[in-house]
Amino acid sequence: MNDKPHLDEEALTELQDVMEEEFAVLINTYLKDSSDRITYLRNAIGSADADAFAKTAHSFKGSSINIGAPKLGDLCLEAENAGKANRLGDAAKVVDQIETEFLRIQKTLKEFLS
Amino acid sequence: MKVSADHVDASALRILIADDSDSDRLILKTLLKRLGHEVRAASDGREAVTVFPDYQPDIVLLDVLMPVMDGIDAARRIKEMAGEELVPVIFLTSLTDADALAHCLDAGGDDFLTKPYNKVIIQAKLGAFNRMRQMHRTLSRQRDLIQDRNRQLLEEQQLAKRVFDNIAHTGCLDADNIRYHISPLSIFNGDILFACPRPAGGMHILVGDFTGHGLPAAIGALPIAEIFYGMTTMGFSGSDLLREINDKLVRILPTGMFCCAALIQADFHLNQLRIWNGGLPDGVLIRRDGTKEFLESKYLPLGVLSSGRFDASMEVFHTSAGDMLLMMTDGVLEAENQNSEQYGGARLKQALDNASASEQLIDAVLTDVVAFCGHRKGRDDLTLVSLKMVVDAEFRQPAEQLPQSVLKGPTDWHCVYEVRDETLGKFSPLPLLLHICMEVPGLRRKSADIYTLLSELYNNALEHGVLKLSSDLKTSSDGFSYYYSERERRLGNVDGHFIRFSLAHRKTDAGGQLRIICEDSGDGFDHTTELESQATEAHYSGRGLMLMQKLGNSLRYSEYGSCAEIVYDWELAEPVPE
């Protein structure tokens with residue numbers, strides 16, 4: 001189901017246009033928040049807190065969509081749904097996928113900035 | 001519809017946003033600032049609720065899912081704090097399912113924005129909500145203005161009513177033989193109802209209905225009340241009042257505005273009602289035995305005809321104690337039920353037939369009208385008055401309780417006033433003579449006595465002396481009407497006749513002495529048999545000589561009855577003990 005692009009170039013360009021000199025701040029904020037969120041997601045699985053898991057996935061989804069990372073957004077939605085359905089067993093696998101996708105995006109974004 | 005970017009740019013808004021995601025918050029804040037708005041960013045719902053009162057934003061943008069306090073809870077509290085003010089709340093969401101979006105709107109949200117944010121859509125929505133906000137503010141301001149004006153109007157009406165009530169008071173409507181219903185705010189629906197005792201007993205009642213409503217209708221009531229109370233107290237007749245009121249209204253009222261009215265002059269000692277009905281529904285005279293006479297309007301309302309064309313003659317009815325007169329304004333007949341049917345004359349007649357105890361006549365009619373209309377509001381436009389004829393009721397005005405005037409006035413004087421020829425038929429000198437006597441300090445308290453003496457002397461001189469009518473005629477009902485038609489006829493031919501009053505007053509130790517001599521050009525009449533017959537039988541001619549003897553200290557006739565002299569001694573009021 002997840003055939004969306006890794007990065008939406010058009011959205012990213014528009015963001016850059018809006019943010020001007022704050023674009024770098026935004027990207028760095030996003031990257032920092034996202035890696036924190038991946039840690040939260042793993043912790044939530046560890047403490048079997050499905051609700052916290054779903055909420056974190058939801059926020060992660062929103063900011064990923066906004067930044068122009070639709071594929072990551074879709075993976076977060078999958079995680080959110082798993083959390084809501086209290087299927088934390090499936091969740092660990094999705095978090096792995098999220099992390100992989102995130103690392104990929106992080107690399108591209110950093111290139112984009114430099 | 002195209003949103004003009006210039007227009008929206010021109011209105012910079014204060015926007016409060018709340019989002020727990022740092023990057024999302026940064027994007028939105030920067031975007032809004034670039035669009036020219038002022039932004040305050042909060043990182044959760046509680047922070048947004050806390051800063052809301054001080055920041056006073058025009059529009060609030062809330063993320064739905066936030067830690068500490070979520071957007072839905074925050075929206076509810078913000079709407080509460082905003083009160084009547086419209087502060088649009090727009091939810092920020094990546095939610096996609098319809099139920100969840102609907103839930104946001106149910107919670108008091110006005111719209112939502114989905115991620116990723118789109119500059120054009122955000123700008124368009126802000127513009128639309130700003131217009132809605134301004135429209136709401138304009139409406140609220142106009143509503144407040146209208147409320148304010150309305151309150152001001154009511155205050156003015158209340159103030160005006162206080163002034164009106166002082167001038168257009170209800171006089172002696174509280175007398176035992178009068179019953180009435182009138183709306184407390186009648187003055188503003190144009191209905192008037194006044195009653196005033198006449199100096200020599202009896203009373204005048206004026207019931208009327210101005211065209212129009214509100215202040216214009218109320219203004220016409222003021223001069224009517226002034227004339228009605230002023231002239232009645234000075235002893236003028238009903239016809240005099242009608243002419244004066246009509247003339248005044250013709251002069252002051254705009255065309256198309258007039259007053260449907262009826263004037264009732266009740267003379268209890270004569271057992272007589274004089275009635276003038278100009279434009280009101282039929283009055284009803286209910287005899288003691290239950291028979292009814294309907295007194296229809298025979299004249300145009302007051303304020304229509306110029307004085308030259310105005311007819312102020314009043315119809316005379318001979319009555320007995322217990323007879324009842326009912327008058328009303330057309331609000332009674334025109335009262336409508338839910339089907340817009342009017343109450344009407346037929347229903348009124350039925351209600352009168354059913355009302356057995358005549359004392360409750362007014363209540364019976366009112367109850368019937370209200371039952372017909374089906375709501376209490378029907379009473380608002382109804383004005384009814386009933387007058388019961390009584391045995392020479394003592395409607396002495398409370399002049400005897402008046403404080404003594406502090407004004408100095410003439411105490412020693414003499415004057416002669418003679419009315420002659422055709423003036424005898426057209427003019428009553430009584431108000432003028434009473435006025436002269438009332439200039440004496442202390443004598444004002446005796447105005448009823450003085451007026452009675454003057455009017456008895458005058459009527460005897462006119463009817464028995466000049467017109468040569470015999471009071472024997474008045475002993476039967478037929479003779480009674482013959483007497484009055486004959487009186488009218490003979491008044492048309494009084495050339496060469498006169499009635500002369502000589503009044504003299506002097507001060508005494510205790511108070512004063514008024515001497516009244518009344519001479520006429522007639523052949524005199526036999527006052528001795530007149531006096532005897534009055535003592536033995538209850539005559540229609542009523543009190544007459546007996547009364548004068550009782551009031552005056554001495555009554556003397558000379559010149560075969562064509563010259564009468566009365567001496568009236570009066571005393572200053574004793575100081576009232578504390």
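## A tour of the chain B sheet and the A–B contact

Select B:R274 and B:V316: B:V316, in strand 13 of chain B, is the bridge partner of B:R274. This is a predicted model, in which local features need pLDDT of at least 70 and side-chain atom pairs count only at pLDDT 80 or more, while totals for chains, interfaces and linings use all residues. Residues are numbered from 1 along each chain as its sequence is written, and chains are lettered from A and ligands numbered from 1 in the order in which they are written.

Next, show residues 272-278 of chain B, which are strand 10; four bridges join strand 10 to the antiparallel strand 13. Strands (E, at least two residues) and helices (H or I, at least four) are DSSP runs numbered from the N terminus, and two strands pair if DSSP finds at least two bridges between them.

Widen the selection to the open sheet of five strands in chain B, ordered 7-8-9-10-13 with antiparallel pairing. Strand 7 (191-197) and strand 13 (315-318) of chain B are at the edges with a single partner strand each, so one side of each has no neighbour in the sheet. From one strand to the next, the twist averages 15°; axes are lines fitted to C-alpha atoms, for helices over the stretch in contact, and angles run from 0 to 180 degrees between N-to-C directions.

Add helix 7 (residues 214-233) of chain B, which packs on the sheet and touches strands 7, 8 and 9 of chain B, its direction making about 10° with that of strand 7. Contact means C-beta atoms, placed from the backbone, within 7 Å. Helix 8 (residues 238-252) of chain B lies across strands 8, 9 and 10 of chain B, at about 160° to strand 9.

Finally, turn to chain A: 19 of its residues are in contact with 16 residues of chain B. Helix 3 of chain A gives the most to this side, with nine residues.

Terms used: Contact = placed C-beta atoms within 7 Å.
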